[in-house]
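Biologist: I would like to learn how to read a model of this kind, one feature at a time. Where should a reader start?

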Amino acid sequence: MEGYQIMSNADVTIIGNVTADPELKFSSNGNARLVFSVASNRNFQVNGEWQKETSFFNVIAWRKTAEDAAGILEKGLPVMVKGRLEQRSWEDKESGAKRSTVEVVADAVAVNVYAIESLERRQYGDGAATKSASSAANATVPSSDPFEEF
């Protein structure tokens, strides 16, 4: 892959919140590519005072991981991303200067339920009602066993 440099042994796990709704696109050969960013906070003390530092990470997910994550990720959702670091380089078209960035290429993306107090999902165009985590927990169980016929 021209423009990409794999940083061996650069496995990472990022825990934070999605900063904006992810963008799902498909390449000309049909591969799904999901791009999003995660803000991760680090708390530490300086002279007895608590400080907070936020780091932002650009994340790219490919193929099945991209398609699956695109269906659930949205701005503000707490996530855990496991992947590897890759450095991408290019030449700026306007100035001709060499540029580079380091991105997280996701192998797995998960919702961090530990960080969720409640969850309000968006209502999508299919008319499905929005559910919260608390209402889902209080949902009634069907009277018949769906596995009874097996």
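Modeller: We will go from confidence to fold, hairpins, core and single residues.

Modeller: This is a predicted model, in which local features need pLDDT of at least 70, side-chain atom pairs count only at pLDDT 80 or more, and totals for chains, interfaces and linings use all residues. Residues are numbered from 1 along each chain as its sequence is written, and side-chain values use heavy atoms, with hydrogens and water left out.

Biologist: What is the mean pLDDT of the protein chain?

Modeller: pLDDT is the predictor's confidence in each residue, from 0 to 100. Here the chain has a mean of 79, and 70% of its residues reach 70 or more. Over residues 128-150 pLDDT stays under 50, and for that stretch the model has 11 contacts beyond four places in sequence. Contact means heavy atoms within 4.5 Å.

Biologist: How many helices and strands are there in the protein chain?

Modeller: Both are DSSP runs numbered from the N terminus: helices are H or I with at least four residues, strands are E with at least two. This chain has two helices and six strands, in the order β-β-β-β-α-β-β-α along the sequence. Among contacts between residues at least 6 apart in sequence, 58% join residues at least 24 apart.

Biologist: Which strands are joined by bridges to β3?

Modeller: Two strands pair if DSSP finds at least two bridges between them. Strand β2 (residues 23-26) runs antiparallel to β3 (residues 32-46), with four bridges. Phe26 is opposite Ala32 in β3; five residues separate the strands of this hairpin, and Gly30 has a positive phi near 90°. On its other pairing, β3 is joined to β4 (residues 49-62) by 14 bridges, again antiparallel. There Val46 faces Glu49 in β4, and two residues lie between the strands.

Biologist: Which residue of that second hairpin takes a positive phi?

Modeller: Asn47, at about 50°, although it is not a glycine. Asn47 sits in the loop between β3 and β4 and, at 79% relative accessibility, counts as exposed. The classes are buried under 20% relative accessible area, exposed over 50% and partly exposed in between, with a 1.4 Å probe and protein chains only. Arg63 is another residue other than glycine with a positive phi, near 50°; Arg63 is in helix α1 and is partly exposed at 48%.

Biologist: Which residues touch the most other members of the largest nonpolar core?

Modeller: In soluble globular proteins, nonpolar side chains tend to be buried together. A nonpolar core is a set of buried Ala, Val, Leu, Ile, Met, Phe, Trp, Tyr and Cys residues joined through side-chain atoms within 4.5 Å. The largest one here has 17 residues, of which Leu34, Phe36, Val38, Val59, Leu73 and Val81 touch the most other members. Two or more residues come from each of β1 (4-18), β3, β4, α1 (63-70), β5 (78-91) and β6, and β3 gives the largest share, four residues. Beyond four places in sequence, Val59 contacts Leu34, Val35, Phe36, Val38, Val81, Val104 and Ala106.

Biologist: Is Asn112 buried or exposed?

Modeller: Asn112 counts as buried because its relative accessible area is 12%. Asn112 lies in the loop between β6 (98-111) and α2 (133-137), and its contacts beyond four places in sequence are Ile15, Pro78, Val79 and Met80. Val111, in strand β6, is partly exposed at 27%.
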